[in-house]
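Please look through the sequence and the model below before reading on. The report that follows takes the parts of the fold in turn and then moves to the surroundings of the ligand.

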Amino acid sequence: MSGNANIQKIVPFEGSKLSKKEQIATMFDDIAHRYDFLNHFMSLGIDIIWRKKALGYLTSLQPKLMLDVATGTGDFAIMAERRLRPDKIVGIDISEGMLAHGREKIEKLGLGNKITLQSGDSETISFPDKTFDAITVAFGVRNFEHLEKGLSDMRRVLKPGGKLVILEFSNPTVFPIKQLYNLYFRYITPLLGKWIAKSQAAYSYLPESVKAFPQGEAMRTILTNTGFQAVTCKTLTFGICSIYCATR
Ligand SMILES: C[S@@+](CC[C@H](N)C(=O)[O-])C[C@H]1O[C@@H](n2cnc3c(N)ncnc32)[C@H](O)[C@@H]1O
């Protein structure tokens, strides 16, 4: 099964002539100024617990050089620095607006020598083969234009034995969480996005993109077909979020 067929069609600006990638970069540039606040506000802070859990999968590996793909404003990279203490973390993203906010935070925290944020596309990562001990992606893969291409380039830059950890939204299946989640995501999230980030498009795109994204067994199959080994999936908070872990 191709993970891409469905997700490629889900775009923030229906009818736009721009590619999905260009639309995504524009959308995140537009909401960058409110992204951090909305992120934690909409998830009621639970995303912080999910992030900690995901990074826990890398504790035993003790990675020295890490890549945070779709790093956005750098939250996951900052948390990884604090919890895993690698020598260096590079964060890449296609949205200059998100990166600019991230760089400001990193400077303020005095982490400029440990974390570098740079412009970069997950599908054509500008690093040699087998560079990184670990790669992380939080809430990023769902937005890729070509999922398999992104996953396969991440595998390329991972050292043999290195680990990929993906944190991504998924759809809960149990009553009444599924129904409450659908209501919240479908009606409340776009409204909050419109009021706070002045972008209804971004927060209407969010539930659509989650719905279309392959989850659980389907995502495990895609990772395995991309060449990853020991692929695992752990669902969190009634299945609202999933952690995929895979080894090169
Ligand atoms: C929801 S944000 C997640 C940001 C951050 N990882 C976090 O945990 O808060 C998704 C990010 O993915 C980035 N993105 C989407 N497609 C990308 C690609 N092909 N390569 C790199 N970054 C990408 C977007 O620009 C955006 O900043």
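## The sheet

In this predicted model, seven strands form an open sheet, and their order across it is β3-β2-β1-β4-β5-β7-β6, with mixed pairing. The edges of the sheet are formed by β3 (115-119) and β6 (229-236), each of which pairs on one side only. When direction is ignored, neighbouring strands of this sheet are turned against each other by 15° on average.

The mixed pairing of the sheet can be followed in two pairs of strands. Strand β1 (residues 65-69) and strand β2 (residues 88-93) run parallel and are joined by five bridges, and within this pair Val-69 has Ile-92 of β2 as its bridge partner. Strands β6 and β7, by contrast, run antiparallel and are joined by six bridges, and here Thr-235 stands opposite Ser-242 in β7.

## Helices on the sheet

Helix α3 (residues 46-56) packs on the sheet, where it touches β4 (132-138), β5 (158-169), β6 and β7 (241-247), and its direction makes about 160° with that of β5. Helix α9 (residues 217-225) lies across β5, β6 and β7, and this helix runs at about 155° to β6.

## Backbone details

Most residues other than glycine have a negative phi, and most peptide bonds are trans. With this in mind, three places in the chain deserve a careful look.

Arg-85, which is not a glycine, has a positive phi of about 50°, and this residue lies in the loop between α4 (75-84) and β2. Thr-237 also takes a positive phi, near 45°, in the hairpin of β6 and β7, where four residues lie between the strands. The third place is the peptide bond from Phe-175 to Pro-176, which is cis, with omega near 0°; Pro-176 is found in the loop between β5 and α7 (177-196).

## Around the ligand

Which residues come nearest to the ligand, out of the 19 around it? They are Tyr-35, Arg-51, Ala-70, Asp-93 and Ala-138. The residues of this shell divide into nine nonpolar, seven polar and three charged, and helix α2 (residues 20-42) gives the most to the shell, with four residues.

Several polar atoms of the protein can be placed beside particular atoms of the ligand. A polar side-chain atom of Asp-93 lies 2.6 Å from an oxygen atom of the ligand, while an N or O atom in the side chain of Asp-121 is 3.0 Å from a nitrogen atom of the ligand. For Ser-122 the atom concerned belongs to the backbone: a polar backbone atom of this residue is 2.9 Å from a nitrogen atom of the ligand. How much of the ligand does the protein bury? Taken alone, the ligand exposes 600 Å², and the protein buries 98% of that area.

Notes
Residues numbered from 1 in each chain as written. Predicted model: local features only at pLDDT ≥ 70, side-chain atom pairs only at ≥ 80, totals over all residues. Heavy atoms only, no water. Near = heavy atom within 4 Å. Polar contact = N/O pair within 3.5 Å; in protein donor to acceptor, adjacent residues only side chain to side chain. Areas by Shrake-Rupley, 256 points an atom, 1.4 Å probe, with all protein chains shown as cover. Nonpolar A, V, L, I, M, F, W, Y, C, P; charged D, E, K, R; others polar. Pairing = 2+ DSSP bridges. Axes fitted to C-alpha atoms, helices over the stretch in contact; angles between N-to-C directions. Contact = heavy atoms within 4.5 Å.
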